[in-house]
Amino acid sequence: MADQDIDRLQDRLRAQRVSFDKIPVIDVSALNTGGSLFEVAKEIRWALTNAGFFYVRNHGVPEAVVNGAFEETRRFFDLPLQDKMDLHISKSGLALRGYIEIFGENTDPKKTRDLKECFDIGPESPAGDAPFFGPNLWPAARPEFARAVYGYHQEMKGLAQRLMRAIAVSLDLEADFFAPRMQNPITIQRLLHYPPQEGQIDESVMGIGAHTDYGSLTILAQDDVGGLQVMNRDGAWVEGPPIAGTFVINIGDLIQRLTNDLYLANLHRVVNASGRERYSIPFFIDADADAVFQPLDSCVSAENPARYEPVTCGAHKFGRFRDSFPHLKTKAA
Ligand SMILES: O=C(O)CCC(=O)C(=O)O
Ligand SMILES: [Fe+2]
């Protein structure tokens, strides 16, 4: 990047945070063409400073891969409850893979019970004792499910790594800043089903309670039902409606810590008041378990001292999981 470009980006460090009424849509074709990332980085910087969220279009992931994953997701959640309970996450040890029933995980447990069911997979690896690594729990009779979902997970990993390059540039870092910290990253590929919620809806039960994501980056595919909401700086919930051909991107706590709160891991939730089944497919990438996150020098100054202690990715993530899963409460990080 040319020096004057860096100066222009640094100007934005001093920008006031503004409220938003619409999540920006960013064309990221430059990520796939090897061209300059500067324009994309500029838009990402605005989005992550003010909203913590943006949509990407022209992301390079084939439509057939996304459609295939949705088709298998719907079929999976249509299975009898017992078949799904046979793959329950509590049977995966510390790998933390498998099925989570309705109300089984609550992201805002003091306030809200989550009217959703989930299925999680991650990088296939031998059983061990490192949290978030190990074998996946696949439904035995459905090889096409495993193929579609694992293939989707691999596509997401590629897109996430390309996006992290643009995020690095947006912070005036080298494009490959995150690469050494994401050699064998913790990733979770989640499938979600939100049954329609009838009657009066309040905060005691919602699709997913208000939360921030825990790691580095989330890439969300949603169907055409809608229901995602993101909080703006005035405390109002702004809709994140489905936009065909896009993914919704947001950052998690680790990047907020890294940027000393310059970038927002923003609160979001889902309310499925549509009367229809809603399906979504979020992919979460964190970093290597031992990667340390602490405020970047460029985000710390005398007027804005470091607000966070260093933390390893693995310890941070496991701590957040323990808060949402009853069966992990007694496990040490
Ligand atoms: O389903 C959605 O739209 C959002 C899901 C989400 O926020 C999450 O799984 O962390
Ligand atoms: Fe989330």
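The questions below concern helix packing and one sheet in a predicted model.

Local features of this predicted model need pLDDT of at least 70, side-chain atom pairs count only at pLDDT 80 or more, and totals for chains, interfaces and linings use all residues. Residues are numbered from 1 along each chain as its sequence is written, while chains are lettered from A and ligands numbered from 1 in the order in which they are written.

Q: Why are α3 and α6 called roughly perpendicular?
A: The axes of α3 (residues 38–50) and α6 (residues 143–170), which are lines fitted to C-alpha atoms over the stretch in contact, come within 8 Å and cross at roughly 75 degrees; angles of 65 to 115 degrees count as roughly perpendicular, and the pair is therefore described in that way.

Q: What makes the contact of α3 with α6, and how do its residues divide?
A: F38, V40, A41, I44 and R45 of α3 meet A166, I167, V169 and S170 of α6, where contact requires C-beta atoms, placed from the backbone, within 7 Å. These residues divide into 7 nonpolar, 1 polar and 1 charged.

Q: How do you know that the span of α6 agrees with its number of residues?
A: The expected span is 1.5 Å times one less than the number of residues, so the 28 residues of α6 should span 40 Å, and the end C-alpha atoms are indeed 40 Å apart.

Q: Why are β1 and β3 said to stand at the edges?
A: In the open sheet of order β1-β2-β12-β9-β14-β6-β5-β3, β1 (25–27) and β3 (98–100) each have a single partner strand, so one side of each is left without a neighbour in the sheet; pairing requires at least two DSSP bridges between two strands.

Note on methods:
Axes fitted to C-alpha atoms, helices over the stretch in contact; angles between N-to-C directions. Helix = DSSP H or I, 4+ residues; strand = E, 2+ residues; numbered from the N terminus. Parallel < 35°, antiparallel > 145°, perpendicular 65-115°, else oblique. Contact = placed C-beta atoms within 7 Å. Nonpolar A, V, L, I, M, F, W, Y, C, P; charged D, E, K, R; others polar.
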